[in-house]
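Hi everyone, thanks for making time for this. I'd like to walk you through one model today, so please have a look at the screen.

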Amino acid sequence: GFRTIKAKVLIREDGKVDLLSFVKKQSPDVEKYIRHHLAKFQVSERMLESGYIQPGEQFVQLRCMWEKLKGK
C-alpha cells in the first residue's frame, strides 16, 4: 500500500524539486525518508516544455511505500 503526504514544494526551472514544508506535521523518520527520496526526483523537461507542470511553488501529494514507513 501507499501513504499520501501533502507538501508544499518549489519546482525550479531546471525541473529540480525543493521541499518547502509539509501540510501536516510528520515524524522525523518520515521527513528524513521524504527528503532523501525527493533529492532523486526531477520533473522531466518534456513535462515542463508542454506546460503540464509549471515551475514555482505549489502543493503536491507525495506517495510513499507504506512498507518503508512502518513503525515510523
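I'll talk about one glutamine and then about a pocket.

Before we start, please keep in mind that this is a predicted model.

Let's begin with Q26. You'll find Q26 in the loop that runs between β2, residues 17-22, and α1, residues 28-38. Is Q26 buried or exposed? Its relative accessibility comes out at 9%, and the cut-off for buried is under 20%, so Q26 counts as buried.

What does the side chain of Q26 reach, then? One partner is the backbone oxygen of K24, at 3.2 Å. Another is the side chain of R3, with which the Q26 side chain makes a polar contact, also listed at 3.2 Å. If we leave out residues up to four places away in sequence, Q26 touches R3, I5 and E31. So R3 turns up here as well, both as a polar partner and among the residues that Q26 touches.

Now, on to the pocket. The largest pocket holds about 290 Å³ of space. Which elements give two or more residues to its lining? They are β1 (2-11), α1 and β3 (56-65). Of these, β3 gives the most, with seven residues.

In total, 17 residues line the largest pocket, and L38, F41, V60, Q61 and L62 are the ones nearest its centre. Sorted by class, the lining has 13 nonpolar residues, three polar and one charged.

That's my tour, thanks for listening, and I'm happy to go back to any view you like.

Technical notes
Residues are numbered from 1 along each chain as its sequence is written. This is a predicted model: local features need pLDDT of at least 70, side-chain atom pairs count only at pLDDT 80 or more; totals for chains, interfaces and linings use all residues. Side-chain values use heavy atoms; hydrogens and water are left out. Helices (H or I, at least four residues) and strands (E, at least two) are DSSP runs, numbered from the N terminus. Buried means under 20% relative accessible area, exposed over 50%, partly exposed in between (1.4 Å probe, protein chains only). A polar contact is a pair of N or O atoms within 3.5 Å; within protein, one must be able to donate a hydrogen and the other to accept it, and residues adjacent in sequence count only if both atoms are side-chain atoms. Contact means heavy atoms within 4.5 Å. On a 1 Å grid over the protein atoms alone, a cavity is a set of points where a 1.4 Å probe fits but cannot get out, and a pocket is an open set with protein on both sides within 12 Å along at least five of seven lines; lining residues have an atom within 4 Å of a point. Grid points are joined across faces, edges and corners, and a volume is the space filled by probe spheres set on the points. Ala, Val, Leu, Ile, Met, Phe, Trp, Tyr, Cys and Pro count as nonpolar, Asp, Glu, Lys and Arg as charged, and the others, Gly among them, as polar.
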